[in-house]
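Reader: I am new to this structure and would like a close look at a single part of it. Please take one helix and what lies around it, and then set that part within the whole.

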Amino acid sequence: MAMDINNESSFPQSKWRKVAYGGMQPGFDDNHTDDSFLEDMVMNANVVKRDLLKVMQDSVSISQYLCIVVLVGLVWSYTLQSILNENSLLLLDASLLGSGFLVLILTKEMLSLTLLIRYVLNISFFITGLYVLAPIYHTLTRSISSDSIWAVTVSLILLHLFLHDYSGSTIRAPDALKDPILTSCVSLNASVVASVFIASRLPSRLHVFAVMLFSLQVFLFAPFITFCIKKYSFKLHLLFSTVLMVVTLAFVYMLHSLLFVLLLGLLVFVNVVCPYWLIKIQEYKFEINGPWDEAKLCFDITD
């Protein structure tokens, strides 16, 4: 009996191997690991090292669009207070439309005459349809109280800001234009409905047309124009955003000092505090990768 035991112990033990679906290996426990188990472990392989200045520059796009929406709210407020009349609004609409086309011509690298004519035709159809629908918008919310209109409008604008695509991915990706993501659609629809609610409280149909044209120009075309500026020159984008923030703060200060403090605090929070938080949070990022991770399948589908 002792001889059998000695003969069994004299046999060399097989080397441990990684077996995924082969079951237990003779001579080893099912949870056995050897010294090579952690050789392929990688720490924080996919963690992106961010620079504070770069993050602050990227956050300017958020502050820029916040100021654009605030300016829209100021125009709405001045119009409801009869400070801006129909002629002033129409002049503002024409100025924005002309400025948008000018920026488009100067920043687009390949802008053919055919594409420019198509832009003009689309804008013409858009303005005509908006003018025809202005009487409907004028009487759309006549049976709804003003308090409900204000509450719903503020909620829709907040929803628009929360779901807006600040990265511009729906603009720069052609496929995204054909099949936009749900959040972008909800954000755009919220801004359009808010514009309709505000326009329905105006005294005349021309007022309604002018305010709707102004609002839709901003919500529909302003992201595209600002993206063209940023793509053409990042320094010009920063300069334009800085001027826009200064102008917005000046107009808000003339309207109410408390709103000025709130807006200034919001801009500082977005441009300084949030980037600093993001950089500090990166210090606690802890990611482990190794051969035990699930395989990621990549398919190259070509026509």
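Author: Helices here are DSSP runs of H or I with at least four residues, numbered from the N terminus. In this predicted model, the part to look at is helix α5, and L133 has its place in that helix.

L133 is partly exposed, because its relative accessible area is 36% and that class lies between under 20% for buried and over 50% for exposed. From L133 to R205 there are 72 residues in sequence, yet their C-alpha atoms are 9.6 Å apart in space.

H138 also belongs to α5, which covers residues 113-138. The relative accessible area of H138 is 17%, so this residue counts as buried. Leaving aside residues up to four places away in sequence, H138 touches S200, L202, P203, S204, R205 and V208. R205 thus appears twice in this account: as a residue that H138 touches, and as the partner in the C-alpha distance from L133.

Before that stretch in the sequence comes helix α9, residues 182-199. With 18 residues at 1.5 Å a residue, α9 should span 26 Å, and its end C-alpha atoms are 26 Å apart, so the two values agree. Several residues of α9 are buried, including S184, S187, A190, S191 and A194. The buried residues of α9 also include S195, V196, F197, I198 and A199.

Other helices frame an open space, the second largest pocket. This pocket holds about 640 Å³. Its lining is made of 21 residues, and V69, V70, G73, I157 and L259 lie nearest its centre. The elements that give two or more residues to this lining are α3 (60-80), α6 (146-163), α11 (234-255) and α12 (257-282). Of these, α3 gives the most, with 8 residues. By type, the lining of the second largest pocket has 18 nonpolar residues, 3 polar ones and no charged ones.

As for the whole, the protein has 12 helices and 2 strands. Along the sequence the order is α-β-α-α-α-α-α-α-α-α-α-α-α-β. The protein has 303 residues, and 31% of them count as buried; H138 is buried, whereas L133 is partly exposed. Among contacts between residues at least 6 apart in sequence, 76% join residues at least 24 apart. The accessible surface of the protein comes to about 20,300 Å², and carbon and sulfur atoms account for 65% of that surface.

Key: Residues are numbered from 1 along each chain as its sequence is written. This is a predicted model: local features need pLDDT of at least 70, side-chain atom pairs count only at pLDDT 80 or more; totals for chains, interfaces and linings use all residues. Side-chain values use heavy atoms; hydrogens and water are left out. On a 1 Å grid over the protein atoms alone, a cavity is a set of points where a 1.4 Å probe fits but cannot get out, and a pocket is an open set with protein on both sides within 12 Å along at least five of seven lines; lining residues have an atom within 4 Å of a point. Grid points are joined across faces, edges and corners, and a volume is the space filled by probe spheres set on the points. Ala, Val, Leu, Ile, Met, Phe, Trp, Tyr, Cys and Pro count as nonpolar, Asp, Glu, Lys and Arg as charged, and the others, Gly among them, as polar. The expected span of a helix is 1.5 Å times one less than its number of residues. Buried means under 20% relative accessible area, exposed over 50%, partly exposed in between (1.4 Å probe, protein chains only). Contact means heavy atoms within 4.5 Å. Accessible areas come from the Shrake-Rupley method with a 1.4 Å probe; for residues, only the protein chains shown count as cover.
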